[in-house]
Amino acid sequence: MRVVFAGTPAVAVPSLEALLGSSHDVVAVLTRPDARAGRGRTLVSSPVRQAAEAAGVPVLTPTSLRAPEVQQALRDLAPDCCPVVAYGTLVPPEALGIPTAGWVNLHFSLLPAWRGAAPVQRAVMAGDEITGATTFLLEAGLDTGPVLGRMTEAVRPDDTSGALLERLAVAGSGLLVETLDAIEARTITAVPQTEDGVSHAPKITVDDARVDWARPAFAVDRRVRGCTPAPGAWTTFRGERLGLGVVSVDQRPDLRAGEIEAGKREVWVGTATAAVRLSTVRPQGKKEMAAADWARGVRITVEDVMGR
């Protein structure tokens, strides 16, 4: 099939590469326009654009798909299908009918669970043990289209959302190619999503990433992992923000919620249940450092409580 691939971040690159290595003809790529990044605020191309240009594939970078000239450019490409992975731009109803086989989205959850922008982060934060990826046909609703294919993936006890998303991006690329193969062979049927088990995954905000030490240790651990690497879990210490690296649950007794105990090589913080052991921290305005080094520098006292 002739395909126009739509995607932007690094997690979409495995799918683009898988399609380039398949029997399908990637005639163009849609991606977000270059954006300013870094301290110098220089313009940087999206990872998908970089991968496409390295492969010699034409790239379109419209700010919106609503413009008539953009839609005409898509029609001129005559795509049979438009596979989508984390494109980041709404596909308007007028554009949905341009490819004859529709827009096939690869979403990193088992729909109808975790519809929205942050399915992997929300799954980790919620304590899910199983997640996966789904291919489905785009329609006007948010991740509500009929399902074409699914794959499952275990959420490991030490998974951050970043590590889990990397695995899903690679495994999901195979699912996307298999879905397009089946569409071309006409051996697949789109199945409408049920309304049972619907959950929503809005974008994680900075406030969402703040740790509540009055929650159980499991919930604290999952919040930190779900917000790693972005936007980054955090708390407050002596009135200033303190970024948190991954934590591990430790059955140390007698630590109240937020209470800190610092040893020579380890730092523990109490929760509603067991304590958690900190790995690294990032003090406000400073670089990340080992928690024990930080604790020695600030000289923890019995009056110090995390979250204040």
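How many helices and strands make up the secondary structure of the chain? In this predicted model, the secondary structure comes to eight helices and 17 strands. The chain has 308 residues, of which 48% count as buried. Taken along the principal axes, the box filled by the C-alpha atoms is roughly 70 × 45 × 30 Å. The chain exposes about 14,900 Å², and carbon and sulfur atoms supply 52% of this area. Among contacts with a separation of 6 or more, 65% are accounted for by residues 24 or more positions apart.

The interior was examined next. The largest nonpolar core has 33 residues. Those with the most contacts inside this core are Phe5, Leu16, Val29, Phe108, Leu176 and Leu180. Two or more residues are given to the core by each of the strands S1, S2, S7 and S9 (147-154), and likewise by each of the helices H1 (13-20), H2 (47-54), H5 (119-126) and H6 (161-185). The most is given by H6, which supplies eight residues. When neighbours within four places in sequence are left aside, leucine 180 is in contact with Met1, Val3, Leu19, His24, Cys81, Pro83 and Val104. A second core, separate from this one, comprises 27 residues, including Trp213, Val220, Val276 and Ala291.

Helix H3 spans residues 68-77, and its buried residues are Val70, Gln71, Leu74 and Leu77. Seen down the axis of H3, these buried residues fall within an arc of 115 degrees, and they therefore line one face of the helix. In general, residues three or four places apart in an α-helix point the same way, because such a helix has 3.6 residues a turn. On the other side of H3, the exposed residues are Pro68, Glu69 and Asp76. The cover over the buried residues of H3 includes strands S1 (2-7), S2 (25-30), S5 (59-60) and S7 (103-107), together with helix H4 (93-96). Just after H3, a positive phi of about 50 degrees is found at alanine 78.

Strand S6 (residues 82-85) is covered on both faces. Cys82 and Val84 are buried on one side, while Pro83 and Val85 are buried on the other. Pro83 of this strand is also among the residues in contact with leucine 180. S6 is joined to S1 by two bridges, and these two strands run parallel. Within this pairing, glycine 7 has valine 85 in S6 as its bridge partner. S6 also runs parallel to S7, to which it is joined by three bridges. Here, cysteine 82 stands opposite tryptophan 103 in S7.

Helix H5 is mostly covered, with seven of its eight residues buried. These are Pro119, Val120, Gln121, Arg122, Ala123, Val124 and Met125. The buried residues of H5 pack against two strands, S7 and S8 (130-137), and against two helices, H6 and H7 (217-226). Strand S7 also contributes to the cover of the buried residues of H3. Just after H5, glycine 127 adopts a positive phi of about 85 degrees.

How values were computed
Residues are numbered from 1 along each chain as its sequence is written. This is a predicted model: local features need pLDDT of at least 70, side-chain atom pairs count only at pLDDT 80 or more; totals for chains, interfaces and linings use all residues. Side-chain values use heavy atoms; hydrogens and water are left out. Buried means under 20% relative accessible area, exposed over 50%, partly exposed in between (1.4 Å probe, protein chains only). Helices (H or I, at least four residues) and strands (E, at least two) are DSSP runs, numbered from the N terminus. The arc is that of the directions from the helix axis to the C-beta atoms. Contact means heavy atoms within 4.5 Å. Two strands pair if DSSP finds at least two bridges between them. A nonpolar core is a set of buried Ala, Val, Leu, Ile, Met, Phe, Trp, Tyr and Cys residues joined through side-chain atoms within 4.5 Å. Accessible areas come from the Shrake-Rupley method with a 1.4 Å probe; for residues, only the protein chains shown count as cover.
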